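Let's take a walk through a protein model together, from its overall build down to single side chains. Please keep the sequence and the 3D view side by side as you read.

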Amino acid sequence: MNVMGYIASPRKNGNTAWTVNKILEGAQEHGAATEVWYAGELDIRPCQACMGCVKSDRCVLNDDMQKLYAALKQADALVLGAPLYMGQMSAQAKAFTDRLSAQISPRFSPRFKEENAGKKLILAFTQGNPDAGKFQTYYDYTKQMFQLLEFDVKDLLVVAGTRSDSASEQDGLDVRMKTAGSTLVSE
Ligand SMILES: Cc1cc2nc3c(=O)[nH]c(=O)nc-3n(C[C@H](O)[C@H](O)[C@H](O)COP(=O)(O)O)c2cc1C
């Protein structure tokens, strides 16, 4: 199984990076091949709504998203990690998500093109607020949105309270994230 991680935080050594890498570690320990992409190292422009992808079947923006489209094609599963900014996914995560529309069928039905349908997905959010349930409505909505895009959402993980205790310092989180990664492979 190929598992691709996308870290939609500008901080390469931040909480989101730690979380996604632990999930990938768990997947690796169960035999998966993994690769990780850092938003901070990539140039991913927002969707221009030019509808070029409807005509040509390809996004016309020649930026690093082209590498991610290729990686996504090879991947059986995606781990999308995002910090919560103002109660929503970071702009880096939103740009990536919007650009996925180039891989949706031309009539903008929720049907993903064949090679993408049914890909497994783990959504991992990190947030400063210590109450993991504080933004549940938004997390549930986001999960449903990815289900509509025909991802097979396997897990929705929330790492809370990162302002006072960084993810790497939180008791038991290491095991919880690695278990999510191994379960992704085994289920
Ligand atoms: C611009 C900005 C907005 C944020 N908004 C929220 C928020 O609405 N709720 C929250 O709990 N934490 C919020 N945070 C805190 C981050 O979600 C949290 O620190 C996260 O773990 C950062 O991830 P990173 O270490 O990967 O950068 C915000 C941080 C920034 C920089």
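A useful word to begin with is "buried": a residue is buried when its relative accessible area is under 20%, exposed when that area is over 50%, and partly exposed in between, using a 1.4 Å probe and protein chains only. At 31% relative accessibility, for instance, Asp152 counts as partly exposed. You are looking at a predicted model, in which local features need pLDDT of at least 70 and side-chain atom pairs count only at pLDDT 80 or more, while totals for chains, interfaces and linings use all residues. Residues are numbered from 1 along each chain as its sequence is written, and side-chain values use heavy atoms, with hydrogens and water left out.

Start with the whole chain. There are six helices and six strands; helices (H or I, at least four residues) and strands (E, at least two) are DSSP runs, numbered from the N terminus. Following the sequence, you meet them in the pattern β-α-β-α-α-β-β-α-β-α-β-α. Along its principal axes, the C-alpha trace spans about 50 × 35 × 30 Å. How does the radius of gyration fit with a compact globule? For 187 residues the globule value would be near 16 Å, and the chain has 16 Å, which agrees. This radius is taken over C-alpha atoms, and the globule rule is 2.2 Å times the number of residues to the power 0.38.

Of the 187 residues, 49% count as buried. Contacts tell another part of the story, where contact means heavy atoms within 4.5 Å. Among contacts in the chain with a separation of 6 or more, 72% come from residues 24 or more positions apart.

Now look inside. In soluble globular proteins, nonpolar side chains tend to be buried together. A nonpolar core is a set of buried Ala, Val, Leu, Ile, Met, Phe, Trp, Tyr and Cys residues joined through side-chain atoms within 4.5 Å. The largest such core here has 38 residues, of which Tyr6, Leu68, Leu78, Phe146 and Phe151 touch the most other members. Elements giving two or more residues to this core are β1 (2-7), α3 (65-74), β3, α4, β5, α5 and β6. Helix α3 gives the most, with five residues. Apart from this core lies another, of 21 residues, among them Ile7, Ala17, Ala27 and Ala77. To see one core member's surroundings, find Phe151: leaving aside residues up to four places away in sequence, Phe151 touches Leu78, Leu100, Phe112, Lys119, Leu121 and Phe146.

Phe146 brings us to helix α5. This helix covers residues 136-148, 13 residues in all, and reaches 18 Å from its first C-alpha to its last, close to the 18 Å expected at 1.5 Å a residue. The expected span is 1.5 Å times one less than the number of residues. Which residues of α5 are buried? They are Tyr138, Tyr139, Thr142 and Phe146. These four cover an arc of only 100 degrees around the axis, which puts them on the same side of α5; the arc is that of the directions from the helix axis to the C-beta atoms. Their cover includes β3 (77-85), β4 (88-89), α4 (91-99), β5 (120-126) and β6 (152-159). On the face turned away from the buried side, α5 carries the exposed residues Thr137, Gln144 and Leu148. Just after α5, Glu150 takes a positive phi of about 70 degrees.

Finally, turn to the charged side chains. A salt bridge is a side-chain nitrogen of Lys or Arg within 4 Å of a carboxyl oxygen of Asp or Glu, and the structure holds nine of them. An α-helix has 3.6 residues a turn, so residues three or four places apart point the same way. In helix α4, Lys94 and Asp98 lie four residues apart, about one turn of the helix, and their closest N and O atoms are 2.7 Å apart in a salt bridge. In helix α1 (residues 15-29), Glu25 and Lys22 are three residues apart, and their side chains meet in a salt bridge at 3.4 Å, N to O. Glu25 is partly exposed, with a relative accessible area of 28%, whereas Lys22 is buried, at 13%. Asp152, which you met at the start, pairs with Lys154 in a salt bridge (3.2 Å, N to O). Salt bridges that share partners also join Lys22, Glu25, Glu29, Asp174 and Lys178 into one network.
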